[in-house]
Each structure stands twice: as C-alpha cells, then as structure tokens.
Amino acid sequence: MLVFGIVSMVLACAWAAPQGNKDVEIVEQTNENIGIDGYKFSYTLSDGTTRTEEGTVINAGTENESLSVKGTISWVAPDGQTYTINFVADENGFQPEGAHIPK
C-alpha cells in the first residue's frame with residue numbers, strides 16, 4: 001500500500017509539472033495601491049495569461065465596511081482554447097462567470 005501511495009504521488013507531480021519546458025515571463029504589470037480605499041493590479045504573461053483586479057472599500061469607516069473585488073482572468077489551455085472568468089467577490093461571496101462554467 002505504501003508503494004502505491006508513493007507511485008501515485010510521483011505520477012501526480014509529473015502530471016502537474018509544466019509542459020513544454022517553456023519559461024513564462026511577465027510581459028506587462030501594473031500595480032496601484034490607492035491607499036486606504038482600494039487597490040488595482042493587472043498583468044500579462046508570455047503564455048497568454050492575463051489578469052486584472054480592482055478592490056474597493058464599501059461603506060468605509062462604518063460598521064458595514066467591506067471590500068468589493070472585481071476582476072477578470074484569462075488563460076490559454078493546452079488545447080489552444082482561451083478561457084475567461086469574470087468575477088466579483090463582495091458581501092455576497094465569490095461570484096465567477098464564464099462560458100465554460102455551468103450555471
């Protein structure tokens with residue numbers, strides 16, 4: 001049983017390893033810390049991955065103060081298809097949307 005567990009872990013690591021031996025580089029990156037009321041960042045990677053995110057403080061200084069985060073992430077899958085997730089995370093929880101996500 002121990003051997004099966006070790007073999008399983010080795011196979012899982014091998015499958016999880018990056019394919020194609022291509023190093024991914026940051027092509028573009030922005031980062032704005034707005035201060036006490038929010039933040040913004042975005043980046044683009046050489047493998048086609050992009051991400052943008054903006055966080056805003058809602059009801060600052062009150063008992064109902066919270067953070068509302070909106071963003072988008074896109075990546076190119078090994079089959080060449082581009083996937084995109086738009087999301088909101090706020091007092092209603094994490095709310096992802098994408099053509100590939102079941103409703």
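These are my notebook entries on one predicted model.

**Entry 1: the whole chain**

I began with the secondary structure, and the chain has one helix and six strands. Reading along the sequence, I wrote down the pattern α-β-β-β-β-β-β. I then looked up burial: of the 103 residues, 14% count as buried. The accessible surface of the chain is about 8100 Å². Carbon and sulfur atoms hold 57% of that surface. I also looked at contacts in the chain with a separation of 6 or more, and residues 24 or more positions apart account for 10% of them.

**Entry 2: the sheet**

In what order do the strands of the open sheet lie? I found β1-β2-β3-β4-β5-β6, with antiparallel pairing. The edge strands are β1 (26–35) and β6 (93–97), and each of them pairs on one side only. On average, neighbouring strands of this sheet are turned by 10 degrees against each other, with direction ignored. I noted one textbook point here: strands of a sheet pair through backbone hydrogen bonds, either parallel or antiparallel.

**Entry 3: strand pairs**

I took β1 and β2 to begin with, and they pair in the antiparallel sense over eight bridges. A hairpin of two residues joins β1 to β2. To place one residue in this pair, I looked up N31, and its bridge partner in β2 is F41.

Next came β2 and β3, which run antiparallel and are joined by seven bridges. Here G38 stands opposite T56 in β3. This pair also forms a hairpin, with four residues between the strands. In the turn, G48 has a positive phi of about 95 degrees.

I then went on to β4 and β5 (residues 82–90), which pair in the antiparallel sense over eight bridges.

**Entry 4: T49**

I stayed with the loop between β2 (38–45) and β3, where T49 has its place. Is T49 buried or exposed? Its relative accessible area is 12%, and buried means under 20%, so T49 is buried. The side chain of T49 makes a polar contact of 2.9 Å with the side chain of D47. Leaving out residues up to four places away in sequence, T49 touches Y43, T44, S74 and W75.

**Entry 5: E53**

I looked up E53 next and found it in strand β3 (residues 50–58). Its relative accessible area is 11%, so E53 counts as buried. Which side chain does the side chain of E53 meet in a polar contact? I found that of Y39, at 2.5 Å. For the other neighbours of E53, I again left out residues up to four places away in sequence. E53 touches Y39, K40 and F41, and also V69, K70, G71 and F87.

**Entry 6: K70**

K70 was among the residues touched by E53, and I looked it up in turn. K70 is in strand β4 (residues 66–76). Exposed means over 50%, and K70 has a relative accessibility of 52%, so K70 counts as exposed. In β5, V88 stands opposite K70. Residues up to four places away in sequence aside, K70 touches T52, E53, E54, F87 and V88. I also checked K70 against N86, which is 16 residues apart from K70 along the chain. Their C-alpha atoms are separated by 7.7 Å.

**Entry 7: aromatic rings**

I searched the whole structure for aromatic pairs and found four. One of them is Y39 with F41, with ring centres 6.3 Å apart. Why is this pair called stacked? The planes are at 10 degrees, and planes under 30 degrees apart count as stacked, so the label follows. Y39 is partly exposed, with a relative accessible area of 22%. F41 is partly exposed as well, at 23%.

The rings of W75 and Y83 have their centres 5.7 Å apart. Their planes are at 25 degrees, so this pair is stacked too. W75, which I had met among the contacts of T49, counts as partly exposed at 29% relative accessibility.

Last, I looked for rings linked into a group, and ring pairs link Y39, F41 and Y43 into a cluster. I had already met Y39 and F41 among the contacts of E53, and Y43 among those of T49.

Technical notes
Residues are numbered from 1 along each chain as its sequence is written. This is a predicted model: local features need pLDDT of at least 70, side-chain atom pairs count only at pLDDT 80 or more; totals for chains, interfaces and linings use all residues. Side-chain values use heavy atoms; hydrogens and water are left out. Buried means under 20% relative accessible area, exposed over 50%, partly exposed in between (1.4 Å probe, protein chains only). A polar contact is a pair of N or O atoms within 3.5 Å; within protein, one must be able to donate a hydrogen and the other to accept it, and residues adjacent in sequence count only if both atoms are side-chain atoms. Contact means heavy atoms within 4.5 Å. Rings of Phe, Tyr and Trp (its six-membered ring) pair if their centres lie within 6.5 Å; planes under 30 degrees apart count as stacked, over 60 as edge-to-face and the rest as tilted. Accessible areas come from the Shrake-Rupley method with a 1.4 Å probe; for residues, only the protein chains shown count as cover. Two strands pair if DSSP finds at least two bridges between them. Axes are lines fitted to C-alpha atoms, for helices over the stretch in contact, and angles run from 0 to 180 degrees between N-to-C directions.
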